[in-house]
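Take a look at the chain below. We will walk through it step by step, from single side chains to the whole fold.

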Amino acid sequence: MVVGLLVLISSVGSAAPPPPALSPMLSLRVGPADSFALTDDGELLAQTLGTVSAYDLTTGELRWEADQERPTYRLRTAAGLVLMRPWTYGPGQPSTTALSLATGVAQWRHEGTVTTLPGSDTLLAVSAVRSGGTNRRVQGPVEALDPRTGGARWRVDVPSTAVLLGVPSPSNHPATTLDRTEGGLDDAGTRMMLLHDDRTAAVHDLATGRLISKTEMPPANYGPENPAVSGGLLLLRHLGRYGAEVTAYDPASLRIVWQRAAGRAYEVRSCGPVAC
């Protein structure tokens with residue numbers, strides 16, 4: 001028994017240690033104000049001061065570097081571009097610079113804010129009013145930009161202010177059969193909705209800007225999360241005849257699908273296929 005125990009201890013002691021579960025492929029020094037982003041193609045975009053770098057997460061290799069005049073506070077990708085806005089102080093809005101996601105070469109610059117809607121690569125130039133949450137309050141016209149040149153493809157005027165949000169588009173709607181290959185866009189699943197300050201809701205096609213449907217919404221506390229998109233419907237919490245209500249609208253026609261009392265709920269949020 002003693003001999004067997006010694007053999008067991010000896011064999012265990014001579015075994016090689018197991019390899020680590022995780023091995024580092026890339027190590028970067030990141031400051032508290034540095035921004036970074038991950039792309040759908042498995043790349044890491046990292047910014048250090050005014051330099052933006054792209055790394056291949058498969059190999060850890062540096063793909064390209066691009067120097068900017070000022071550091072940016074956010075890196076976003078859309079339509080094969082890296083969209084960057086620098087830190088700024090004082091009045092006015094900083095310009096947005098678009099770099100090629102493939103090479104890092106600057107493509108164009110737009111004087112203002114360029115954003116996208118969830119599920120869409122359409123670049124929308126807006127004059128944003130400071131607000132938080134999923135929805136974005138804008139002031140003035142909304143323009144769709146050509147990702148190759150930065151020029152305006154279509155424009156929707158906003159007389160005062162409006163809440164901008166994306167709403168789902170049914171795949172069998174005629175607007176989704178338009179040719180969307182120009183600029184590499186495919187927005188068959190998303191449309192743009194503008195909820196104007198006079199409570200007029202308007203749904204526009206993202207390929208052409210064409211008005212699809214329009215209706216007047218009830219008085220409500222319109223904010224960053226109201227209305228909300230959940231389960232393919234547009235949900236609005238508002239004041240009804242006997243208290244607070246939640247109304248569900250079809251996002252294509254803006255017709256009412258159902259309506260019920262909100263009880264003591266003060267907010268509606270999307271929780272996957274259901275609303276919370």
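Does D157 count as buried or exposed, and at what relative accessibility? D157 counts as exposed, at 52% relative accessibility. The cut-off for exposed is over 50%, so D157 passes it. Keep in mind that this is a predicted model.

D157 also has a charged partner. It forms a salt bridge with R155, and the closest N and O atoms are 2.8 Å apart. Side chains of opposite charge can pair when their charged atoms come close. The structure holds 7 salt bridges.

Another of these pairs is E225 with R269. Here the closest N and O atoms are 4.0 Å apart. This pair links distant parts of the chain, with the two positions 44 residues apart in numbering. E225 sits in the loop between β17 (211-216) and β18 (228-230). R269 sits in the loop between β21 (256-261) and β22 (270-271). The two partners also differ in cover: E225 counts as buried at 18% relative accessibility, while R269 counts as partly exposed at 40%. Salt bridges can also share partners, and in this way E143, R155 and D157 are joined into one network.

One more pair is worth finding. The side chains of D146 and R148 meet in a salt bridge, at 3.4 Å from N to O. D146 counts as buried, at 10% relative accessibility. R148 is exposed, with a relative accessible area of 51%.

Now go back to the E225 loop. The loop between β17 and β18 also holds P227. A cis peptide bond joins N226 and P227, with omega at about 10°.

Next, find a residue with no exposed surface. V142 is in strand β12, which covers residues 142-145. V142 has a relative accessible area of 0%, so it is buried. What does V142 touch, leaving out residues up to four places away in sequence? Its contacts include L124, A125 and V126. They also include W154, R155, V156 and V158. M192 and L194 are on the list too. Notice R155 there: it is the salt-bridge partner of D157. For another distance, take V142 and V114, which are 28 residues apart along the chain. Their C-alpha atoms are separated by 9.8 Å.

Move on to S169. It lies in the loop between β14 (161-168) and β15 (190-196). S169 is buried, with a relative accessible area of 11%. Its side chain makes a polar contact with the side chain of R191, at 3.3 Å.

Two residues have a backbone angle to check. Phi of A79 is near 55°, a positive value in a residue other than glycine. A79 lies in the loop between β5 (72-78) and β6 (81-86). R199 also has a positive phi, near 70°, and is likewise a residue other than glycine. R199 lies in the loop between β15 and β16 (200-204). It is partly exposed, with a relative accessible area of 26%.

Now look for the cysteines. How many disulfides does the structure hold? It holds 1. A disulfide is a covalent bond between the sulfur atoms of two cysteines. Here the two are C271 and C276, with their sulfur atoms 1.7 Å apart. C271 counts as partly exposed at 30% relative accessibility, whereas C276 counts as exposed at 51%.

Step back to the whole chain. It has 1 helix and 23 strands. Of its 276 residues, 43% count as buried. Consider contacts between residues at least 6 apart in sequence: 40% of them join residues at least 24 apart. The accessible surface comes to about 15,800 Å², and 54% of it belongs to carbon and sulfur atoms.

How confident is the predictor? The mean pLDDT of the chain is 80, and 80% of its residues reach 70 or more. Over residues 1-12, the pLDDT is below 50, and this stretch has 0 contacts in the model beyond near neighbours in sequence. Residues 172-187 also stay under 50 in pLDDT. For that stretch, the model has 34 contacts beyond four places in sequence.

Key. Residues numbered from 1 in each chain as written. Heavy atoms only, no water. Helix = DSSP H or I, 4+ residues; strand = E, 2+ residues; numbered from the N terminus. Buried < 20%, exposed > 50% of the residue type's maximum accessible area, 1.4 Å probe, protein only. Contact = heavy atoms within 4.5 Å. Areas by Shrake-Rupley, 256 points an atom, 1.4 Å probe, with all protein chains shown as cover. Polar contact = N/O pair within 3.5 Å; in protein donor to acceptor, adjacent residues only side chain to side chain. pLDDT = per-residue confidence, 0-100. Disulfide = S-S within 2.5 Å.
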